[in-house]
Amino acid sequence: MIRKAHFAGSWYPADKQTLRALINESIEVVLKNTTYQHCPYRFAVLPHAGLFYSKAGIAPFFAADLSNVQRLVVLAPSHYANLSQDALVSAPLDGIETPLGMLESQNLSSAQAKYFSAIQSEHALEMVLPYIASLSRPPTVTLALVSHFSQPQAVKTIADALVAELGEQEIQAGRTALIASSDFTHYGPRFGYTPYQSGAPLKVREDDLALSHLLCEGRIEEAFAFCSSKRSTVCGYAPAMVVSYIAHHNQSRGWVADYYTSLDISSSPDANFVAYSTILWR
């Protein structure tokens, strides 16, 4: 089974030259920004909107030296398929198609064919794939979906099982890196989330950065409680907590590399907007 580039031509350019130019330009912006720490990262939370919006948040991870990475694991929420809570699922893939070439898949032992349609249809998995394919020596790629969690202990159970399969030494050495795919707060009537009467962008920023710093520090119980109490619309909080937990137990230091919203990109007066936070761990 080959995972097709389902969103090429809609969420990002299907033309190879146009796509490569978009990726290169976004990385060049990062390399010219002296506030970024240009070093290899082992863990990340990256956005997954269409690349018009998410390229600025994805690029910082790929602007670093990834030559040591042999396997890249992408964990995403499931926007279209209903999955049981406290579950991590994947499908056995023979390859992963991108406009820039085929990526080699390295499947999890728990991969099941019944989840192929969920993996194929999930945009949160796809947005980073062209960036991976643009590398001079692309690593093998593992794709998986993480459902909602019932309690913080479930995060730890899933994370510990994943580390056992991936190999703790491989992770510690940086040969296996993990990306959690997540946009942050979805605000406005369109998303059924309007808790603030005024100053919504500023208050959403405060909420998102508070959650981002909890994730940076591996404070999973507090992050879980925060999302629950706020009825958060952070769509990828589950994969983000898995990666945060693994990073913390590998004594990796996280920082918020970028934060912005769709309003910053489009300059639209729309009452609806989506926020993006890029978190990186060395």
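**Aromatic pairs, a helix face and a hairpin**

In this predicted model, counting rings of Phe, Tyr and Trp whose centres lie within 6.5 Å gives eight aromatic pairs.

Reader: How far apart in sequence are the parts that the pair of Phe62 and Tyr131 ties together?

Author: Phe62 and Tyr131 form a tilted pair, with 5.4 Å from centre to centre and 35° between the planes. Both residues are buried. Phe62 belongs to helix H2 (residues 51-62) and Tyr131 to helix H5 (residues 129-133), so the parts tied together are apart in sequence by 69 residues.

Reader: Is Tyr276 buried or exposed?

Author: Tyr276 pairs with Tyr260 in a tilted arrangement, 5.1 Å centre to centre with 45° between the planes. Tyr260 lies in strand E10 (residues 254-261) and Tyr276 in strand E11 (residues 273-281). The cut-off for burial is under 20% relative accessible area. Tyr276 has 3% relative accessibility, so Tyr276 counts as buried.

Reader: Which helices do the buried residues of H9 pack against?

Author: Helix H9 (residues 220-230) has Ile220, Ala223, Phe224, Phe226 and Cys227 buried. These residues lie on the same side of H9, because their arc around the axis is only 160°. That buried set packs against H6 (152-166), H8 (200-216) and H10 (237-249).

Reader: Which residue stands opposite Thr98 in E6?

Author: Strand E5 (residues 95-98) pairs in the parallel sense with E1 (residues 2-3) over two bridges. E5 also runs antiparallel to E6 (residues 101-103), joined by three bridges, and a hairpin of two residues connects E5 to E6. Opposite Thr98 in E6 stands Gly101.

Technical notes. Residues numbered from 1 in each chain as written. Predicted model: local features only at pLDDT ≥ 70, side-chain atom pairs only at ≥ 80, totals over all residues. Heavy atoms only, no water. Pairing = 2+ DSSP bridges. Helix = DSSP H or I, 4+ residues; strand = E, 2+ residues; numbered from the N terminus. Buried < 20%, exposed > 50% of the residue type's maximum accessible area, 1.4 Å probe, protein only. Arc of directions from axis to C-beta. Contact = heavy atoms within 4.5 Å. Phe/Tyr/Trp six-rings, centres within 6.5 Å; stacked < 30°, edge-to-face > 60°.
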